[in-house]
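Open the model in your viewer and keep the selection tool at hand. This tour tells you what to pick next and what you will find there.

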Amino acid sequence: MAEQEIRFEDGAGYEQMMGIWSRLAGDIFLDWLVPPPGLRWIDVGCGNGAFTELLIERCAPAEVQGIDPSEGQLAFARTRAAARLAKFSQGDAMALPFPDDRFDAAVMALVLVFVPDPAKGVDEMVRVVGPGGTVATYMWDMLDGGFPLDPILLEMRAMGLAPPRPPQMGASRMEALRDLWTGAGLEAVETRKIAINRTFADFDDFWMTKLKAPSIGPTVAAMESADVETLKRRVCARLPADAGGRITYGARAHAIKGYKPK
C-alpha cells in the first residue's frame, strides 16, 4: 500500500504547529545569509507565508514571489499584513512558473524533503536566479532527532504506529544538501546548523498544538482512547515541565547556501 501523503491545507493550523518554529529558525538563517536590501526573491514552498513575512520584515526586498501547491496555505499567507508586499501563486517547486534569471535570490524554508525530486527542485531555483544569485534552504534534521514533531512521532513508532513521513527524508542530511548544491553547479557553498528552542505553556498546550500536524492529528484521531492516553503518557515522560508547568524543548535544522556562477 502506498504511504499516505502529508498535505498542508490549513494555514491557521500550520501557523500554530510549525509557523512559529519556522520563524525562530528563519531569523538565524537570515542572519547567516546577510542579504543586501532591494533584492528580488522567490520563496519556493512558501506555505502560509511565515518565512515570507519574516523576509519582508527583515530584508527590505524589491519583490517577493511566493509559490506553493496548497491554495489553503496561500489564502492564509495573503492575510498577513507584511506579506501584502508579496505575490502568492499556486505552483510546483519542480516547474517554477518564471523565466530564467528572473530573481536575485531563491529560498526554500522547511520544504526540500517534501519535493518528490529534490535535485529537480534545486535545479529550478538555480534556473530562475540570475548569475551571482543566491540559492539557499534550511530544513529540519529529519533523521537525527532535529524535527519539532519527533517527541510524538518517535513514541508513535515505538507503539507500532506508522504516521506518514515526507517522501525525501534523506535530503535533510547535511551531506545530501551539499551534494545537491554542488551537483547543481553552485559555487562558494556553505553549510551551518541552526538550533532553537520553543516553550509551551504546559503539556496540554504542546499536545493540542501538535495535533494540528497532518502527520499526527489523523493518526491520533484513528486510535483507541486508551492508546491515546498511553501515547500522551509516553510523550509527557520525554518532556519534563519546569516548576511553572512550562515545557521547553529544542529542534535543529540544516542550512545551506550557494551562488550561481557569473
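Start with one pair of residues. Select phenylalanine 200 and isoleucine 247: isoleucine 247, in β7, is the bridge partner of phenylalanine 200. This is a predicted model, in which local features need pLDDT of at least 70, side-chain atom pairs count only at pLDDT 80 or more, and totals for chains, interfaces and linings use all residues. Residues are numbered from 1 along each chain as its sequence is written, and side-chain values use heavy atoms, with hydrogens and water left out.

**The sheet**

Now select β6 and β7, residues 247-259. They pair in the antiparallel sense over 12 bridges. Helices here are DSSP runs of H or I with at least four residues, strands are runs of E with at least two, and both are numbered from the N terminus. Two strands pair if DSSP finds at least two bridges between them. Strands of a sheet pair through backbone hydrogen bonds, either parallel or antiparallel.

Widen the selection to the whole sheet. In what order do the 7 strands run? The order is β3-β2-β1-β4-β5-β7-β6, in an open sheet with mixed pairing. β3 (86-90) and β6 (187-200) stand at the edges with a single partner strand each, so one side of each has no neighbour in the sheet. On average, neighbouring strands are turned by 20° against each other, direction ignored.

Add helix α6, residues 174-183. It packs on the sheet and touches β5 (129-140), β6 and β7. Contact means heavy atoms within 4.5 Å. The direction of α6 makes about 25° with that of β7. Axes are lines fitted to C-alpha atoms, for helices over the stretch in contact, and angles run from 0 to 180 degrees between N-to-C directions. Next, show α7, which lies across β6 and β7 and runs at about 130° to β6.

Zoom in on threonine 134 in strand β5. Is threonine 134 buried or exposed? Threonine 134 is buried, with a relative accessible area of 17%. Buried means under 20% relative accessible area, exposed over 50%, and partly exposed in between (1.4 Å probe, protein chains only). Leaving aside neighbours within four places in sequence, threonine 134 is in contact with residues including Asp104, Gly258 and Tyr259.

**Helices around α9**

Two packed helices are described by the angle between their axes and the distance between the axes. Select α5 (150-158) and α9 (225-238). Their axes come within 9 Å and cross at roughly 130°. That makes α5 oblique to α9. Angles under 35 degrees count as roughly parallel, over 145 as roughly antiparallel, 65 to 115 as roughly perpendicular and the rest as oblique. The crossing of α5 and α9 is right-handed. A crossing is left-handed if the near helix is turned anticlockwise from the far one by less than a right angle, and right-handed if clockwise.

Show the side chains where they meet. On α5 pick Pro151, Ile152, Leu154, Glu155, Met156 and Ala158; on α9 pick Leu231, Arg234, Val235 and Arg238. This contact has 7 nonpolar residues, no polar ones and 3 charged. Ala, Val, Leu, Ile, Met, Phe, Trp, Tyr, Cys and Pro count as nonpolar, Asp, Glu, Lys and Arg as charged, and the others, Gly among them, as polar.

Stay on α5. Its buried residues are Asp150, Pro151, Ile152, Leu153, Glu155 and Met156. They pack against α7, α8 (217-221), α9 and β7. After α5 comes glycine 160, with a positive phi near 85°.

Keep α9 and add α7, residues 203-210. The axes of α7 and α9 come within 12 Å and cross at roughly 120°. That makes α7 oblique to α9. Phe203, Phe206 and Trp207 in α7 meet Val228, Leu231, Lys232, Val235 and Cys236 in α9.

**Last stops**

Most residues other than glycine have a negative phi. Select alanine 60, in the loop between α2 (50-59) and β2 (63-68). Its phi is positive, near 45°. At 48% relative accessibility, alanine 60 counts as partly exposed.

Then go to leucine 110, in the loop between β4 (103-109) and α4 (118-128). Leucine 110 has a positive phi too, about 60°. It is buried, with a relative accessible area of 7%.
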